[in-house]
Amino acid sequence: MTSVDTPSEPTIGTGGETAPAAAPRPAVPWFSSENIASVQTSRLLFAILFLAAWEFGADRLFDSFFFSTPMRILAQVARELVDPGFYRDLGVTSLEMAVGFTVGAGSGIGLGVLLARWEYVAKVLDPFLLALYSIPRIALAPMLIVWFGIGYSSKIFLGATLVFFITFFNTLSGIRGVDKALCDIARVMKATEWQVFRKVMLPSASSWILTSVKISLPFALVGVILGEFLVSSQGLGYRLNRYSTSYNITGALAIVFLMMVIMLVMTAITNAIEARVLRWRPESAAGRVAQT
């Protein structure tokens, strides 16, 4: 009779060989960056503590007239969400941002690809592009309004200029940084120049390009809001400027909070697109935490 303490026989595989037992996965420490539950819990606790300290300190440690309180801001957010005028302003800002981002990112990526392929032209235009990049766009904003008018065009152009240089320089650096040995191997295998670009260069630089798109997304909103701040009768920038100039700090912070939520949602969408496009790339532990 077999004792209870006697170890059971190992599992026999189909070929008569003993199948190795699966090694147990080591437990992830709670305060580890790979522990997603711990990271999410810590984020939630930090947000709760920060908001609680803000609410407690209002009219005790600082004047709530200048900083408002979380409860007042949430109440104002609720009022904004039931106001039809807010959605009209949101639609205007979204249209300007979408067009500006599309024009800026498309032209930046396109020109970056072309100049990466034409190195002579890139060296000729390099100082001029750097000179344009060094100009503060806020200094051009009044002139853009004179050139393009007070309509949509000035806001779209301002947002596009902020996006253009970010995507352009990242695309240029990404394609220039492709390993030349990979391109030479593809040419040895009788690949055409178009195939080398499409199968080797573009996939290698795709992480640079997608990162530049994700980074430049908030800048499109910044450009549009800046244009609406200067001259506009509609849009979230106009709404924010109206609250700020009337010293309605609660209303201004409510609009800032809503814009922050919108950008978080759009960043999550770009993260999902990046994960889909770059699914061939090994995912690091830091990347898994960032995606959450």
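I looked up helix H6 (residues 137-148; helices are DSSP runs of H or I, at least four residues, numbered from the N terminus) and found its buried residues to be Arg-137, Ala-141, Leu-144 and Ile-145, where buried means under 20% relative accessible area and exposed over 50%, with a 1.4 Å probe and protein chains only. These four lie on the same side of H6, because they cover an arc of only 100 degrees around the axis, taken from the directions from the helix axis to the C-beta atoms. On the other side of H6 I noted Val-146 and Trp-147 as exposed.

The model is predicted, so I kept in mind that local features need pLDDT of at least 70 and side-chain atom pairs pLDDT 80 or more, while totals for chains, interfaces and linings use all residues. Residues are numbered from 1 along each chain as its sequence is written, and side-chain values use heavy atoms, with hydrogens and water left out.

I then checked what the buried residues of H6 pack against, and found helix H5 (119-133), helix H7 (152-176) and H9, with contact meaning heavy atoms within 4.5 Å. After H6 comes Gly-149, with a positive phi near 90 degrees.

Next I turned to Leu-278, which sits in the loop between H11 and helix H12 (285-291) and is buried, with a relative accessible area of 4%. Not counting residues up to four places away in sequence, Leu-278 touches Ser-206, Ser-207 and Leu-210. I also recorded that Leu-278 and Pro-203, 75 residues apart in sequence, are 8.6 Å apart in space, C-alpha to C-alpha.

Key:
Helix = DSSP H or I, 4+ residues; strand = E, 2+ residues; numbered from the N terminus.
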